[in-house]
Amino acid sequence: MPALDAFDLFLFSLSKAFCSPIAVFVQIQGCLICLILAFGWACAAYVRNREIKQMKDSMRRGNSFAFLYHDINKLEHSNQVNLPRVSVVMPLKGYGEHNLHNWRSQITSLYGGPVEFLFVLESTEDPAYGYVSSLISNFKDEVDAKVVIAGLSTTCSQKIHNQMVGVEKMHKDSKYVLFLDDDVRLHPGSIGALTAEMEKNSDIFIQTGYPLDLPSGSLGSYCIYEYHMPCSMGFATGGKTFFLWGGCMMMHADDFRLDRYGVVSGLRDGGYSDDMTLAAIAEAHKRLITSPPVAVFPHPLSSDLSFSRYWNYLRKQTFVLESYTTKVNWIMNRALFTTHCYLSWGFVAPYFMSLIHVTAALRIYIKGYSLEETTFASGGLFLVGYLAICTLIELLSMWNLTRIEVQLCNMLSPEAPKMSLASYNWGLVFIAMLVDNFLYPISAMRSHFSQSINWSGIRYHLKNGKIFKIERSKDMGPEKSYLGGKNLLYGKKGAPPKVSFLSSLARSMAQWHQPKKFDS
């Protein structure tokens with residue numbers, strides 16, 4: 001029997017230590033985290049799949065427009081003519097490879113009521129200005145859309161400033177306002193579905209949705225997909241939720257006109273994150289946030305999304321926990337900060353321990369050490385086996401939810417190119433799970449101690465949870481930011497978009513609802 005060398009002695013000692021009661025607890029905890037995630041995704045898949053079944057049942061009854069309404073009678077003119085006016089406010093910054101497609105999906109909505117689209121930019125120097133102006137000119141006789149120049153923000157984030165200027169410019173008769181990020185790819189019936197829920201329940205304060213990330217193949221894109229997936233279960237409730245995503249928020253327009261619950265002052269006076277601020281206001285005033293099952297939107301990630309841009313995105317996501325509006329909100333953010341950091345490293349640690357167990361077992365096998373001296377190895381391998389089974393269950397549940405959401409998106413946008421799971425690399429998904437959860441606490445700690453962040457060339461400084469200083473410099477920001485690979489420095493006039501069948505259908509519905517506008 002060969003003698004133990006120094007490396008093997010250290011390795012076996014480490015593996016034995018990882019079989020101690022505390023280490024076993026950590027590894028069992030990791031297994032439980034995997035199973036809890038799997039259960040949450042299974043529940044989310046059930047809600048999304050129930051919507052798919054309802055759409056299929058409606059189609060079997062002869063409703064070819066089930067992607068708009070389950071009840072085809074709601075498409076009758078007597079129902080469509082009474083739909084409320086909606087103002088869609090889209091704060092823009094920069095231009096990315098998917099933006100034009102996203103904007104086109106937003107303005108070619110098949111909502112039957114009056115709707116206006118406000119593209120709000122910081123200035124005409126923004127690269128998006130030429131592209132969106134070209135898009136609007138090509139649809140000028142079909143949709144009510146315009147560009148609004150907001151100017152520079154001085155008391156809040158640029159995005160919130162753009163949103164507030166858009167609200168000031170919205171139509172005086174608008175009943176609802178829908179805030180959309182420029183990376184949201186709407187379905188033809190999304191505005192109608194959100195409006196229908198608002199009309200059905202007047203107690204709803206905010207309606208929201210969530211993106212379905214389509215990774216481009218890079219590790220950074222898979223890390224973003226993995227980051228969003230645990231959050232997605234909070235939006236797949238089919239009703240009430242405590243979560244809010246700033247990329248899609250429908251609210252009562254009068255809440256802004258009258259500054260109810262302090263929504264305007266809360267956002268404008270030092271607000272950094274629109275969704276975190278509004279979620280805090282909803283919690284403070286016991287207002288209802290809901291997320292309908294159809295509010296899931298394809299979110300193609302940039303084809304050149306580098307790891308550094310993923311890190312920049314993660315920094316922004318952790319930085320929002322440093323902003324708050326009240327003492328209670330601060331306590332909740334600290335609790336979320338602590339819990340997320342604990343669970344992230346609690347998720348990663350068992351895999352490191354399992355790596356040690358497996359390496360130790362391989363060394364025993366290769367070197368031919370006696371089992372009497374390495375009895376601890378069998379216990380370690382049992383823990384590895386349990387973790388492997390739980391990981392497989394977790395990945396299968398994540399795969400199933402993604403599969404169902406892809407199918408739902410395909411049904412909600414029947415004319416769009418069909419999405420598929422074929423491009424997903426599940427090996428990279430697993431690696432991204434480890435990388436993202438390992439880096440999250442590091443990013444959160446950095447955000448906590450820095451109290452400032454550079455986002456798209458603008459550095460925001462926080463004090464007591466609110467923005468108190470804004471620095472702008474052309475040399476400060478990267479040429480590309482966000483997730484869509486946006487060019488933030490140089491822009492050019494966009495090419496005229498092609499008109500699709502749904503665009504023509506949208507024009508017909510607009511002419512049907514407002515014949516005088518198109519007859520003149």
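Let's start with a hole: the second largest pocket of this structure holds about 660 Å³ of space. Keep in mind as we go that you are looking at a predicted model. Which residues sit nearest the centre of that pocket? Of the 33 residues that line the second largest pocket, Y69, K74, A193, A196 and E197 lie nearest its centre. If you want to see which elements build the wall, look for helix 2 (21-60), helix 3 (77-80) and helix 7 (190-200), the elements that give two or more residues to the lining. Helix 7 gives the largest share, with eight residues.

Now turn to the sheet. Seven strands make an open sheet with mixed pairing, and their order is 3-2-1-4-7-5-8. Try tracing that order on the model. At the edges you will find strand 3 (144-149) and strand 8 (288-290), each of which pairs on one side only. On average, neighbouring strands in this sheet are turned by 20° against each other, direction ignored.

What holds strands side by side in a sheet? Strands pair through backbone hydrogen bonds, and they can do so in a parallel or an antiparallel way. You can find both ways here. Strand 1 (residues 86-91) and strand 2 (residues 115-121) pair in the parallel sense, over six bridges. To pin down one of the residue pairs, look at M90, whose bridge partner in strand 2 is F119.

Moving along the order, strand 4 and strand 7 pair in the antiparallel sense over five bridges. Here L180 stands opposite C248 in strand 7. Strand 7 also pairs with strand 5 (residues 204-208), again in the antiparallel sense, this time over three bridges. In that pairing, Q207 stands opposite M250 in strand 7.

Is strand 7 buried or exposed? Five of its five residues are buried, so strand 7 is largely enclosed by the rest of the structure. Part of what lies against strand 7 is a helix. Helix 6 (residues 158-169) lies across strand 1, strand 2, strand 3, strand 4 (176-180) and strand 7 (248-252), and it runs at about 150° to strand 1.

Helix 5 (residues 128-138) meets the sheet as well, lying across strand 2 and strand 3 and running at about 160° to strand 3. Which of its residues are tucked away? The buried residues of helix 5 are A128, G130, Y131, V132, S134, L135 and I136. Their cover includes helix 4 (99-107), strand 2 and strand 3. When you look at that list of buried residues, one general point helps: an α-helix has 3.6 residues a turn, so residues three or four places apart point the same way.

Another pair of strands deserves a look too. Strand 6 (residues 210-214) is mostly covered, with five of its five residues buried. Strand 6 pairs with strand 9 (residues 296-300) in the parallel sense over five bridges. One spot to check is Y210, which stands opposite V296 in strand 9.

Let's finish with charges. Side chains of opposite charge can pair when their charged atoms come close. How many salt bridges does the structure hold? There are 15 salt bridges, and a few of them are worth visiting.

Go to R334 and E322, whose side chains meet in a salt bridge at 3.0 Å, N to O. This pair links distant parts of the chain: R334 is in helix 13 (residues 327-367), while E322 is in the loop between helix 12 (307-319) and helix 13, 12 residues apart. R334 counts as buried because its relative accessibility is 14%, which is under the 20% cut-off. E322 is buried too, with a relative accessible area of 5%.

R309 and D304 make another salt bridge, at 3.4 Å from N to O. With 11% relative accessibility, R309 counts as buried, whereas D304, at 36%, counts as partly exposed.

Then there is E471, which forms a salt bridge with K469, their closest N and O atoms being 3.3 Å apart. E471 counts as partly exposed at 26% relative accessibility, and K469 counts as partly exposed at 38%. Elsewhere, salt bridges that share partners join K159, D181 and D274 into one network.

Technical notes
Residues numbered from 1 in each chain as written. Predicted model: local features only at pLDDT ≥ 70, side-chain atom pairs only at ≥ 80, totals over all residues. Heavy atoms only, no water. Salt bridge = Lys/Arg side-chain N within 4 Å of Asp/Glu carboxyl O. Buried < 20%, exposed > 50% of the residue type's maximum accessible area, 1.4 Å probe, protein only. Helix = DSSP H or I, 4+ residues; strand = E, 2+ residues; numbered from the N terminus. Pairing = 2+ DSSP bridges. Axes fitted to C-alpha atoms, helices over the stretch in contact; angles between N-to-C directions. Contact = heavy atoms within 4.5 Å. 1 Å grid on protein atoms, 1.4 Å probe; cavity = no way out; pocket = protein on both sides within 12 Å on 5 of 7 lines; lining within 4 Å. Points joined across faces, edges and corners; volume = space filled by probe spheres on them.
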